[in-house]
Structure formats: C-alpha cells, structure tokens
Amino acid sequence: MIRVVLPQHLRRLAQVDGEVRLDVDGRVTQRAVLDALEARYPALRGTIRDHITQQRRAFVRFFACAQDLSHELPDAPLPEAVASGAEPFLIIGAMAGG
Amino acid sequence: MSGVRVLVGTRKGAFVATSDARRQRWDISGPHFAGWEIYHVKGSPADPDRLYASQTSGWFGQVIQRSNDGGKTWAPVGNQFVYDGVPGTHQWYDGTQHPWEFKRVWHLEPSLTDPDTVYAGVEDAALFRTTDGGQTWQELPGLRGHGSGPGWQPGAGGMCLHTIVQDPSHPGRLFIAISAAGAFRTDDAGKTWRPVNRGLQSVGLPDPKAEVGHCVHRIAMHPSRPGVLFMQKHWDVMRSDDAGDSWHEVSGNLPTDFGFPIDVHAHERDTIFVVPIKSDSEHFPPDGKLRVYRSRTGGNEWEALTNGLPQRDCYVNVLREAMAVDSLDACGVYFGTTGGQVYASADAGDSWAPIVRDLPAVLSVEVQTLE
C-alpha cells in the first residue's frame, strides 16, 4: 500500500480527505504511483504531469523521506520506505507567489 | 418568476449571483474552485442549467468544470487540449518562431442549440470544440492552419483566442478574435477561415493596415442583426455592417477609445456599451472616474453613464470578458472590475449599484436571464 499526500487544491479536485492509499503492482516508481493515482482519480490527469509528454508540471514537486525526488527519472525506484508504506510520497505545489 | 444569474470568474475562484427580475437584492454563492483562476463561466443557451467553467492554475494547469444544475454542483470533465497534427510555430517576442504550446482556456462558448457542444478559445491561440459535454475536445485546425499562422504573435497578455461569436441565422458562421492576430470568420463551421480585418488600423504595426496582426479586444453582435458587428480594439471602437468584410471607426466623442469590453443592448440593436480606459500603458479610467459610455446610434455619439459609479480616485480596469447584458425589460447591464466590484444596472445603464464590492480581481462576467 502506497501512501500519497496531495496538495490541498488537488485533494479538493479529487474530492478526497487526507492521504490517498494506492495499490501499485510491480516496481514502485514515480510513474507507477502516478499511473495508479490518475487511474483512481481521473480528474487529476494533466494536473501533475502533462497528458502527452508525461513531464512533471513546472511548479509541482515530489518529496519523500526528506528528499526532493522531483528530478529523479520517472522509472527509478522510489525509496523502500515509500514502497512499504512507512513513509508517504508527497506531491507538492511549489511556493510561487499568487 | 423570472430572474437573472450572474456568473463571475475571478483570479481566485468563481462566484454566482442571483436575483429576481427587479435586480435589487442579490444572493452570492462562492467561491467555487477557490484559489484557482477562473477565466470564464458560461451557460448553455439551450439549457440554462448547463454551465461550463474554465479553471486554471500556474501550478496545476487546466481543468474544465461542468454543472448540470445551474451552478449548485460541479464536476470536472475533460481537460486534454492537444493541437491537431504537428503543432507548428508562431512568431515569438524576439521575432523567432516559437512552437504552439497550450496554456489555458480563455473563453467557453456553448452552442446556441446543443448543450453538449461547446467551443473553447485557448492560449496559444486555437479553437477547440467538444460535442460530448466537455469529456473530449478536438481542435478545429483550419483556423491555426490559415496561412498567416506563423505571423501571429502574442500580445502582452499572451497569444489568446478570447472571443467567439456565433451567428444565429447562419449556423456555419463563427467569428473569433485573437490577440494579436485579429478577427477571423468561418462560413463552413470551422473548416476554413479568413481574416476579417479590413479597415482596422494599428499604429503599432509596421503596416498599420496589415491583413493580420491587430490586437482586437472584443467583438459584440446583436443576435437579431448578425451582419452588424461592434469591436473594441486595442485602440479604436469599430463597426462592421457587412459581417466583418470591412470596418469603420465609431469612436466619435469618447474620451479615449482604448478599452476592453463592448456589448450590445438586448432590445435596441444600435445601443452599445464600452468602458473607456486611459491608455494601453495606464489601464485605468481617465481622471479616476469609472464611466460606462453608451451610444444609442450604433457608435460615434456617446454619453457617459456615471450614476452610482465612483467618480473619484477609481483606478480599476474592466477586462474584455467582464461585461454582459441580460434580456429583461429594461435591459440589465453588468460589469466587473480588477478591484473586485461587480456593478449592475437594471435600467440599461442609467443607474448602477454594486452587486458585490470585494471579490478578487474579476476576469469575466456572464449573465443568464431565467424564466
């Protein structure tokens, strides 16, 4: 079970409270987690990564285990603590004015 | 009992104001989609309970929301806007060619006859359409594929397609406007397009009478006389009597002919409204006085409407999407400001009162007249 924490705006868009818990088959990577997240909550498609290129949106960041994983390759394995559910995968809206 | 529903898009959410036909007391709901920029909210003429909203964010991109109950509840629908084929390039600020990149939806124009069909004007400029209530969107590529596309360039606000006007007497005819490319018309439901900018003059262009490149801010039409169009351009208020084939200036005695919105009275085809703004570098009313100007002669002769509007120390702007009229008798006129006020007139502009004063900056105002 993977734990995902969404920023407030995306929690509201997906109509969820608190953490999201996802089952991910196979290797636990950014791509696998986001695929599972978007499959469960289609309203999030296009809001975290581009529909077509799958690139992370510029003002979105991925944190876990006190590390910034935003620039890791999407198919790189996430930390074991995320894969085991001990630590959440944090999707962050960057601090950027407005 | 008849009434009106005012749909307000702001920098930080959408608001819905409702009133009975007297238009004196208002109930406000919102913010809907709090914290997001709401570029436009518009209802279907064929089903007033069907609303569409463009919700956008620098962080999370584009969302399209749909309501089937007049704005009480909303649900996100499709948000995938993919240019048809190879995106191509347009002119960038430095003169180089720049790939078309989708940024946001500026304008949603529901079909006059089908609640599931909606046109979307987007930045970078293109026209999309859904025929399934917003679940999927397809580009009408004939516009962007018009031969002039590589010469289009963004205005300061981005290269946006912000105006879509449907001709009710000619189902295949649409007018659109792009900043800063100009106005275009299709007569075959979007397959082919041609620029309709003859008569426009823009001193910021190397050729002031160029076929494309004009910064058109807004076009308005009375549905009973679709061959007559009114335009607020970057500078100049213009009129066409031949469906855009040619334009002539009707700025007349306006204190300044810069501005953004323009609209037509619901029952008087030659009564039009604009909000003069001092200049393109000073986006506020002249002399700190917020004045709507009304012409009852289809342009050229204008009168200032001031009753109920601030006449000192007012330095707000009124953006291109932020004016609308209802079709009650007398015609109601509405506009919103970048200072967060939404003003209403229940007597065609003779007097004004704020519906609400302290919203985030208003991006768009639309009105539905409810039976």
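# Close-up views of strand β15 of chain B and its surroundings

**View 1. Strand β15 of chain B is mostly covered in this predicted model.** The strand comprises residues 174-179, and 6 of its 6 residues are buried. B:L174, B:I176 and B:I178 point one way from the strand, while B:F175, B:A177 and B:S179 point the other way. Residues of both sets are buried. In chain B as a whole, buried residues make up 52% of the 371 residues.

**View 2. Strand β14 of chain B pairs with β15(B) in the antiparallel sense.** Strand β14 spans residues 160-166, and the pairing extends over 6 bridges. Within β15(B), B:F175 is the bridge partner of B:V165. B:F175 also belongs to the set that points away from β15(B) together with B:A177 and B:S179.

**View 3. Strand β16 of chain B is joined to β15(B) by 5 bridges.** Strand β16 covers residues 182-186, and the two strands run antiparallel. In β16(B), B:T186 is the bridge partner of B:L174. A hairpin of 2 residues leads from β15(B) to β16(B). B:L174 is buried, and it points the same way from β15(B) as B:I176 and B:I178.

**View 4. Chain B as the setting of the three strands contains 1 helix and 30 strands.** Along its principal axes, the C-alpha trace of the chain spans about 50 × 45 × 40 Å. A compact globule with 371 residues would have a radius of gyration near 21 Å, and the 19 Å of chain B agrees with this expectation. Of the contacts in chain B with a separation of 6 or more, 50% are accounted for by residues 24 or more positions apart. The average pLDDT of chain B is 96, and 100% of the residues score at least 70.

**View 5. The contact between the chains takes 15 residues from chain A and 13 residues from chain B.** On the side of chain A that touches chain B, the largest share comes from helix α1 of chain A (residues 8-14), which supplies 3 residues. The residues on this side of chain A divide into 8 nonpolar, 6 polar and 1 charged. For the complex, the predictor gives an ipTM of 0.94 and a pTM of 0.96.

Methods:
Residues numbered from 1 in each chain as written. Chains lettered and ligands numbered in written order. Predicted model: local features only at pLDDT ≥ 70, side-chain atom pairs only at ≥ 80, totals over all residues. Buried ≥ 20, exposed ≤ 12 C-beta atoms within 10 Å, placed from the backbone. Helix = DSSP H or I, 4+ residues; strand = E, 2+ residues; numbered from the N terminus. Pairing = 2+ DSSP bridges. pLDDT = per-residue confidence, 0-100. Contact = placed C-beta atoms within 7 Å. Nonpolar A, V, L, I, M, F, W, Y, C, P; charged D, E, K, R; others polar. Rg over C-alpha atoms; globule rule 2.2 N^0.38 Å.
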